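Let's take a friendly walk through the salt bridges of this structure. Have the side chains on display as you read.

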Amino acid sequence: MNQVEVAMRHAPVQSYANREEAPNLRAMPADALLSRRELSALSGYAIITLKIWAANNRGPRITRVEGRPRYRVEDVREWIGLSPSAKPEFTQGIFA
């Protein structure tokens, strides 16, 4: 099984025991940073899926802070299609 197949088995996650409250992207400043756990809660994708995607240069761009992966709100908005520059065909997917 390749990494893409593994990622598809883990995504999207509907609910799990210790699920965090998803942050409100529309209310956050564009330069705010999200942890991988926050992005997981927001997107519904498992943390392991986000890790695999990061290793394969997929998903939103990662900004490292003291060696830890963080996601700029602006990059996440663009990734899920909330940005005016986002491609319209992407917004018809899971986040529409």
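## A pair to start with

In this predicted model, E74 and R72 form a salt bridge, with their closest N and O atoms 3.0 Å apart. How accessible are the two partners? E74 counts as partly exposed, at 39% relative accessibility. R72 is also partly exposed, with a value of 25%.

## D75 and its two partners

R72 meets a further acidic side chain: D75 joins R72 in a salt bridge at 3.8 Å, N to O. That distance counts because the cut-off for a salt bridge is 4 Å.

D75 also forms a salt bridge with R61, and here the closest N and O atoms lie 3.1 Å apart. This pair links distant parts of the chain, the two residues being 14 residues apart. D75 sits in helix α4 (residues 73-80), while R61 belongs to the loop between α3 (47-55) and β2 (63-65).

Is D75 buried or exposed? D75 is buried, because its relative accessible area of 6% falls under the 20% limit. R61, by contrast, counts as exposed at 55% relative accessibility, since the threshold for that label is over 50%.

## The whole picture

How many salt bridges does a search of the whole structure find? The search returns three. Put together, R61, R72, E74 and D75 are linked in a network of salt bridges. If you follow the network from one end, R61 pairs with D75, D75 meets R72, and R72 pairs with E74.

Conventions. Residues are numbered from 1 along each chain as its sequence is written. This is a predicted model: local features need pLDDT of at least 70, side-chain atom pairs count only at pLDDT 80 or more; totals for chains, interfaces and linings use all residues. Side-chain values use heavy atoms; hydrogens and water are left out. Helices (H or I, at least four residues) and strands (E, at least two) are DSSP runs, numbered from the N terminus. Buried means under 20% relative accessible area, exposed over 50%, partly exposed in between (1.4 Å probe, protein chains only).
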